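Let's take a walk through a protein chain together, one stop at a time. Have the picture open and follow along.

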Amino acid sequence: MEFGKRQGWNLFNARGVPSKYQLILDNASELVALLGADGFVQYVNPHIEKTLGYRVSEVIGRNIFEFVHPDDAPRAAQEYSVTIQAEGERIPSVLRLRDSNGGWVPFEVIANNRLKHPGLRAVVLTARDLRFQKEITSAIQNANLDTEKSAEERTTEMAKINAELRIENQARRQVERQLKYTISLLNATLDSTADGILVVSSNGRITSCNKQFMEMWRLECGSAVTKDDRALLNFAMQQLQSPDDFLEKVRSLYADPTATSFDVLHFKDGRILERYSQPERMDDKIVGRVWSFRDVTHARNLEMELRQSQKMEALGRLAGGIAHDFNNLLMLISGYVNQMLSDHSEAERRALAEQALASTKRAASVTKQLLAFSRKLPATPSATDLNLIVLNMENMLRRLLSDQIELQISLSESPQPVFVDVSQIEVLLINLAVNAQDAMPDGGLLSIGTAPTTPWVSPQKVKGHGENFAVLQVSDTGHGMPEGIQAHIFEPFFTTKEVGKGTGLGLSTVFGIIERAGGSIEVQSAPGEGSAFRIYLPKVEAAAEESPKVSAALPGGGNETILLAEDESGIRTMTRAYLESLGYHVLEAADGSEAIRRSLEYPGVIDLVLTDILMPGIRGDVAVEEIRRHRPAIQSILMSGYADQDAIDYLKNILNKPFEFPELGRRLRTLLDAPSAEHASSEPAA
């Protein structure tokens, strides 16, 4: 409804020509609006097009708080609530309103409650654009100068000029008071925000910083560090894990005053801060730089915990299939051993033993994939064929998916060598498979394929790799996604699932893995037409060559003394018997504590410690460190079915279970015959 025709107001004459009141409002230099008690706009004058860029029709009928900056909205709502309680005008307030381009414009706003006026029944809102405050002040000053000059030239009109001058001075004082109020409000806002704010001028002087910034960087008020950006920079670098990287980025920003930047800072004390930087402008001229810092330590730690939780969610789905496969493998091994105990020829028993050994290798491959997915180890990228990764994951994916899902694997005829962490690509495949299964609750087709080229995008768009990339595509026939959801699927914690049915980290994990691999990902989807994820990974010259197979020749024996620590008595007895068959002298220990004690009590040379890692009480790797206190030159091999983060320093000497005894014999001989072991004493230190 037009303002001129509502509630009895008639701003048009009988011929439909706008009245003088309408003309005044249309040509007013301030923004004028009528609001209902609920905040909805009933009228706004055309000045809104000049200040905010909206047409009048775009604003009428909308709530005024839709245009208020989120940081100002709570205060504005509280002030408006007070306004509508009693008639009359309220004190001015400063609010930031969104313009049609998404920017924020500061206004001085005055609200006048006329809700009970019979011909108006609205709150009259007057807003003055503060972007031109400087020009207003300058105009007042020029007016004062003109007035003084006129006073000298026209002494006969002194009384009139003095009166005008008093009015101008009152207006100026009012503007100064409003400016002080605005500055005070901005300072209070800066001090109450959770972000640390720092403003540095173009000449390197610190012009402003808030309380949060001081607390984040452990600064004291009034210190010399808070006056010079060089001193502050030197102080800050002492707290960071990578000070040289931080300094290099700061220098690049100072070299380009127009640049904006985002970075993540890791502190030596474990804190994590996000750092934003953008130029400070005044009258379209860059006068300095604004830095803001946000503490995201808690959020990052929570994200890591939830990522691990998401892994465990997928592991739970795998548990049933893993148990099924292990039961089948154990049944095979048991059957082969029982047949070996029956009357068979030596050749038949050997064939059965080889079958049993092959079954144990299959079981070991299942546990290796499971551990690679679940454990927290640093990324270890290597050159490998993308086709082999997909092929090796096929059985695990079939166990993961429900019987209603059909899995179709299609691999490129040529090798697709990429440099990636294999376990992370396996995690990526599992997450995409789980995501696809959730999109097909009634069943469907999941297709996974590799290819050297793609018609979706031009090669130049894929992170500058040109045509030198491999493609991994995962597509489903599920319910698909609208564009609005596709824009957010890689954001952490974003999910369309019900509460308790997903962490919202599956696809963000996928995105992070691809980013770390230097690749790209894109999605094609539409409601009812399924989804297709296409991943681009940089190619390398060739996949890593397979490790040369260990010679099948029996290992050589020796007469050295070996300290064997293993908490599983059956494995310990079997391992001791094998070592003694090669001629070694073996000292047994059932755990880490006993291994340390045997080492202290044994008077002679102990050449090597062979120990399991995870044992009750003292761990194997910890026991080795303790033994080396009094036998510093002793060698060690760690046995484990699970190499965890704490044993990372020993990875080169890890023998993963299950292993074949000939492999143990060869590892022992290689280590004992190494040049570093010659002439080394492993007798107890005096």
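Before we start, one bit of vocabulary: a residue counts as buried if its relative accessible area is under 20%, as exposed if that area is over 50%, and as partly exposed in between. Also keep in mind that what you see is a predicted model.

Let's put that vocabulary to work on Asp-283. You'll find Asp-283 in the loop between strand 10 and strand 11 (285–295). Is Asp-283 buried or exposed? With a relative accessible area of 54%, Asp-283 is exposed, because the cut-off for that word is over 50%. Asp-283 has something else worth a look: its phi is positive, about 55°, although it is not a glycine. Why bother pointing that out? Because most residues other than glycine have a negative phi.

Arg-121 shows a similar backbone feature, with a positive phi near 50° in a residue other than glycine. Arg-121 also sits in a loop, the one between strand 5 (104–114) and strand 6 (122–129). Its relative accessible area is 45%, so Arg-121 is called partly exposed.

Now for something tucked away. Look for His-69 in the loop between helix 3 (56–59) and helix 4 (73–83). His-69 has a relative accessible area of 12%, so it counts as buried. Which residues does His-69 touch, if you leave aside its neighbours within four places in sequence? They are Arg-96 and Trp-104.

Next, the rings. The structure holds 10 aromatic pairs. One of them is made by Tyr-54 and Phe-67, which meet edge-to-face, with 5.3 Å centre to centre and 70° between the planes. Tyr-54 is in the loop between helix 2 (47–51) and helix 3, while Phe-67 is in the loop between helix 3 and helix 4, so this pair ties together parts that are 13 residues apart in sequence. Both Tyr-54 and Phe-67 are buried.

Another pair, Trp-217 with Phe-267, is tilted: the centres are 5.0 Å apart and the planes make 50°. This one links distant parts of the chain, 50 residues apart. Trp-217 belongs to the loop between helix 7 (211–216) and helix 8 (229–237), and Phe-267 to the loop between strand 9 (261–266) and strand 10 (272–282). Trp-217 and Phe-267 are both buried. They have company, too: ring pairs join Phe-213, Trp-217, Phe-267 and Phe-293 into a cluster. And Phe-267 has a charged visitor, since the charged end of Arg-271 sits over its ring, 4.3 Å from the centre.

Let's move on to the sheets. In one open sheet, 5 strands line up in the order 13-15-16-18-17, with mixed pairing. Strand 13 (405–410) and strand 17 (520–525) are the edge strands, each pairing on one side only. From one strand to the next, the twist averages 15°. Inside this sheet, strand 16 (residues 469–476) and strand 18 (residues 531–538) pair in the antiparallel sense over 8 bridges. As an example, Val-471 has Tyr-536 of strand 18 as its bridge partner.

What about the nonpolar interior? The largest nonpolar core has 39 residues, and Leu-428, Leu-429, Leu-446 and Ile-448 have the most contacts inside it. Helix 13 (residues 422–438) gives the largest share of this core, 9 residues. Follow Leu-428 outward, leaving aside its neighbours within four places in sequence, and you reach Leu-472, Val-510, Ile-513, Ile-514 and Ile-535.

Our last stop is another open sheet, where 5 strands run in the order 20-19-21-22-23 with parallel pairing. Its edge strands are strand 20 (585–589) and strand 23 (654–656), each of which pairs on one side only. On average, neighbouring strands here are turned by 20° against each other, direction ignored. Strand 22 (residues 635–640) is joined to strand 23 by 3 bridges, and the bridge partner of Leu-638 in strand 23 is Ile-654.

Helices pack on this sheet as well. Helix 16 (residues 569–581) touches strand 19 (561–565), strand 20 and strand 21 (608–612), and its direction makes about 165° with that of strand 20. Helix 19 (residues 661–672) touches strand 19, strand 21, strand 22 and strand 23, making about 155° with the direction of strand 22.

Technical notes
Residues numbered from 1 in each chain as written. Predicted model: local features only at pLDDT ≥ 70, side-chain atom pairs only at ≥ 80, totals over all residues. Heavy atoms only, no water. Pairing = 2+ DSSP bridges. Helix = DSSP H or I, 4+ residues; strand = E, 2+ residues; numbered from the N terminus. Axes fitted to C-alpha atoms, helices over the stretch in contact; angles between N-to-C directions. Contact = heavy atoms within 4.5 Å. Buried < 20%, exposed > 50% of the residue type's maximum accessible area, 1.4 Å probe, protein only. Phe/Tyr/Trp six-rings, centres within 6.5 Å; stacked < 30°, edge-to-face > 60°. Lys NZ or Arg CZ within 6 Å of the ring centre and 35° of its normal. Core = buried A, V, L, I, M, F, W, Y, C linked by side-chain atoms within 4.5 Å.
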